[in-house]
Amino acid sequence: MSGIGPISQDWEPVVIRKKAPNAAAKKDEKAVNAARRSGAEIETLKKATAGTNKAASSSTTLNTRKLDEETENLAHERVPTELKKAIMQARMDKKLTQAQLAQMINEKPQIIQEYESGKAIPNQQIITKLERALGAKLRGKK
């Protein structure tokens, strides 16, 4: 604003328009009817499981026969009896509750309960933490 000449402003009109309809709006019944009235082309597709109560994955596959023929009984490895007894004995010797031991190794009390009942799936990291906290060797001789 150096004061030279008259001040002029260049105003351009701003036009606000609605957005073009998205895919969901194009499928709307009103939009389809409007397109029919105007004579526009309408494409219809039949999807594989449309209008049925079946999921796409519920169809039978070649793996079904393999699963039916499978006879092997699969189960997770559980905590051995010797380990259960060793954990309980070491915890009792230190006069700790399950909750106190769990807090010492930064795990939930439920983990200690599962290990002592034999329901847990053995995790070597947790067993190592238990050995350090209890000051006893819980696993077999190395």
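**Briefing: Arg91, Glu116 and the H4–H6 packing**

Glu116 counts as buried because its relative accessibility is 7%, and buried means under 20%. The model is predicted. Glu116 belongs to helix H6, and its side chain makes a polar contact with that of Arg91. The points below start with the protein chain as a whole, then turn to these two residues and to the helices that hold them.

**The protein chain**

- The protein chain has seven helices and zero strands.
- Read from the N terminus, the order of elements is α-α-α-α-α-α-α.
- Of the 142 residues in the protein chain, 15% are buried.
- The protein chain has an accessible surface of about 13000 Å², and carbon and sulfur atoms account for 52% of that surface.
- When contacts between residues at least 6 apart in sequence are considered, 51% of them link residues at least 24 apart.

**Glu116**

- Helix H6, which covers residues 109-117, contains Glu116.
- Apart from neighbours within four places in sequence, Glu116 is in contact with Lys84, Ile87, Met88, Arg91 and Gln98.

**Arg91**

- Arg91 lies in helix H4, which spans residues 81-93.
- Arg91 has a relative accessibility of 7%, so Arg91 is counted as buried.
- The contacts of Arg91, again without neighbours within four places in sequence, are Leu96, Thr97, Gln98, Leu101, Glu116 and Leu134.
- Gln98 appears among the contacts of Arg91 and also among those of Glu116.

**The link between the two side chains**

- The polar contact between the side chains of Arg91 and Glu116 has a length of 2.6 Å.
- One partner, Arg91, is in H4, and the other, Glu116, is in H6.

**How H4 and H6 pack**

- The axes of H4 and H6 are 7 Å apart, and the two helices pack at an angle of about 125°.
- H4 and H6 are therefore described as oblique to each other, because the angle is neither over 145 degrees nor within 65 to 115 degrees.
- On the H4 side, the residues that meet H6 are Lys84, Ile87, Met88 and Arg91; on the H6 side, they are Tyr115, Glu116 and Ser117.
- Sorted by class, the contact of H4 with H6 contains three nonpolar, one polar and three charged residues.

Technical notes
Residues numbered from 1 in each chain as written. Predicted model: local features only at pLDDT ≥ 70, side-chain atom pairs only at ≥ 80, totals over all residues. Heavy atoms only, no water. Helix = DSSP H or I, 4+ residues; strand = E, 2+ residues; numbered from the N terminus. Buried < 20%, exposed > 50% of the residue type's maximum accessible area, 1.4 Å probe, protein only. Contact = heavy atoms within 4.5 Å. Areas by Shrake-Rupley, 256 points an atom, 1.4 Å probe, with all protein chains shown as cover. Polar contact = N/O pair within 3.5 Å; in protein donor to acceptor, adjacent residues only side chain to side chain. Axes fitted to C-alpha atoms, helices over the stretch in contact; angles between N-to-C directions. Parallel < 35°, antiparallel > 145°, perpendicular 65-115°, else oblique. Nonpolar A, V, L, I, M, F, W, Y, C, P; charged D, E, K, R; others polar.
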